[in-house]
Amino acid sequence: MELGHVVVLAGGLSYEREVSLRSGRRVADALRARDIPVELRDADATLLDSLTDDPPDVVFPVLHGAAGEDGSIRDVLELLGVPYVGARPDACRVAWDKPTAKSVVRRAGLRTPDSVALPKEVFHDLGAASVLDQIVRGLGLPLFVKPTRGGSALGASVVHEASDLSAAMVGCFAYGDAALVERYVGGTEVAVSVIERDGTPTALPAVEIVAPGGRYDYTARYDAGDTEFVTPARLTPEATARATAAAVTAHRALGLRDLSRTDLIVSPDGEVHFLEVNVAPGMTETSLFPRAVSVADLDMGEVCESLLQAHLR
């Protein structure tokens, strides 16, 4: 069947709005290059009337952050009976909550750094100094602090000294009401994207991330030239196989659909550690998913089209 009317959904009101808009434009341009009629729409008050009055064949959500990745927009699309690319709402909710996702993939056999997940109320009720002291005693140093929900490394930081943990928590709570504090694992940071063909998840080549100063923060992610990306990643064949298998395992264990991107650390001994998974990978000019598609000798427009075709009724 031909795709006669596709809506690419981007924007929204999360902290990642601008990144989402850039992702949406790139997906729309890639599809238009294949002569597919595309409408780029924001997730605003006009969206539901538009989808109801002129239902698209398929929606391609490229919304990052809350609403776009927590399952809520996808719940609305299901209420409307509109097909869409990507994970279904229940799977999104599990993947969106980082501690829950870590628990699921650990049960599936993947390694993931030891951690604690604490809401800001715990620090108020039990005393911040005492809680911070117990975190350092229990997990050791260095640590990695990030919001339990969210992306683009907003509110995330590495803590090397116990005296810096309090400031890291304040920065984290600026972007969410709960913090995930992990034992820091050093090594090679890689991202492995997964796409489904005929319902079978397949890993694309791993992308190695070499960020300035070792910090792959918001600026390093989205400002061209700040970060070096090596694809395929400089891993041993054995470590490469473990990393790609881990991404597919995470995709399956979390019940994801169509596409995903799993972030991993490969330690110097070759062991692979799961960090988190993204159900709506970035599609900007500096994003990891398009880089993996290119290195796999695939066309971005063809990949997006095939994901849409899978949902034509």
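Proline 232 sits in the loop that runs between β11 (228-230) and α10 (237-253). In this predicted model, the peptide bond leading into proline 232 from threonine 231 is cis, and omega comes out near 0°. Another cis bond joins leucine 141 to proline 142, this one with omega near -5°. Proline 142 belongs to the loop between α7 and β5 (143-147).

A few backbone torsions also deserve a look. Aspartate 258 has phi near 75°, which is a positive value in a residue other than glycine. Its place is the loop between α10 and β12. With a relative accessibility of 5%, aspartate 258 falls under the 20% cut-off and therefore counts as buried. Aspartate 35 also has a positive phi, near 65°, and is found in the loop that links α1 and β2. Here the relative accessibility is 71%, so aspartate 35 counts as exposed. Then there is aspartate 297, just after α11, where phi is positive again at about 65°.

Now for the sheet. Three strands make up an open sheet in the order β2-β1-β3, and the pairing is parallel. The edges are taken by β2 (38-42) and β3 (58-61), each of which pairs on one side only. Ignoring direction, neighbouring strands in this sheet are turned against each other by 25° on average. Strand β1 (residues 6-10) pairs with β3 in the parallel sense, using 4 bridges. Within that pairing, valine 7 stands opposite valine 59 of β3. Helix α12 (residues 300-309) packs on the sheet, where it touches β1 and β3, and its direction makes about 130° with that of β3.

How much of α12 is buried? The count is 7 of its 10 residues, so the helix is largely enclosed by the rest of the structure. The buried set consists of Met300, Gly301, Val303, Cys304, Glu305, Leu307 and Leu308. In any α-helix, residues three or four places apart point the same way, because there are 3.6 residues a turn. The cover over the buried residues of α12 includes the strands β1, β3, β8 (188-197) and β12 (259-266), along with the helices α1 (17-32) and α11 (288-295). There is also a polar detail at the start of α12: a side-chain oxygen of aspartate 299 comes to within 3.1 Å of the backbone nitrogen of glycine 301.

Helix α11 has its own buried residues, namely Leu288, Phe289, Pro290, Ala292 and Val293. These pack against quite a list of elements: α1, β8, β10 (207-210), β11, β12 and α12. Helix α1 thus turns up in the surroundings of the buried residues of α11 and in those of α12.

Staying with α1, arginine 32 is one of the residues of that helix. Its relative accessibility is 38%, so arginine 32 counts as partly exposed. Which residues does arginine 32 contact once its neighbours within four places in sequence are left aside? The answer is Val38 and Leu40. For valine 38, the backbone oxygen lies 3.2 Å from a polar atom of the arginine 32 side chain. As for longer distances, arginine 32 and glycine 186 are separated by 154 residues in sequence, and their C-alpha atoms are 42 Å apart.

Elsewhere, two helices cross. The axes of α7 (residues 128-139) and α8 (residues 165-173) come within 10 Å of each other, with a crossing angle of roughly 105°. That angle makes α7 roughly perpendicular to α8. The meeting involves Leu132, Ile135 and Val136 on the α7 side, and Leu165, Ser166 and Met169 on the α8 side. Sorted by character, the residues of this contact are 5 nonpolar and 1 polar, with no charged ones.

Key: Residues are numbered from 1 along each chain as its sequence is written. This is a predicted model: local features need pLDDT of at least 70, side-chain atom pairs count only at pLDDT 80 or more; totals for chains, interfaces and linings use all residues. Side-chain values use heavy atoms; hydrogens and water are left out. Axes are lines fitted to C-alpha atoms, for helices over the stretch in contact, and angles run from 0 to 180 degrees between N-to-C directions. Angles under 35 degrees count as roughly parallel, over 145 as roughly antiparallel, 65 to 115 as roughly perpendicular and the rest as oblique. Contact means heavy atoms within 4.5 Å. Ala, Val, Leu, Ile, Met, Phe, Trp, Tyr, Cys and Pro count as nonpolar, Asp, Glu, Lys and Arg as charged, and the others, Gly among them, as polar. Two strands pair if DSSP finds at least two bridges between them. Buried means under 20% relative accessible area, exposed over 50%, partly exposed in between (1.4 Å probe, protein chains only). A polar contact is a pair of N or O atoms within 3.5 Å; within protein, one must be able to donate a hydrogen and the other to accept it, and residues adjacent in sequence count only if both atoms are side-chain atoms.
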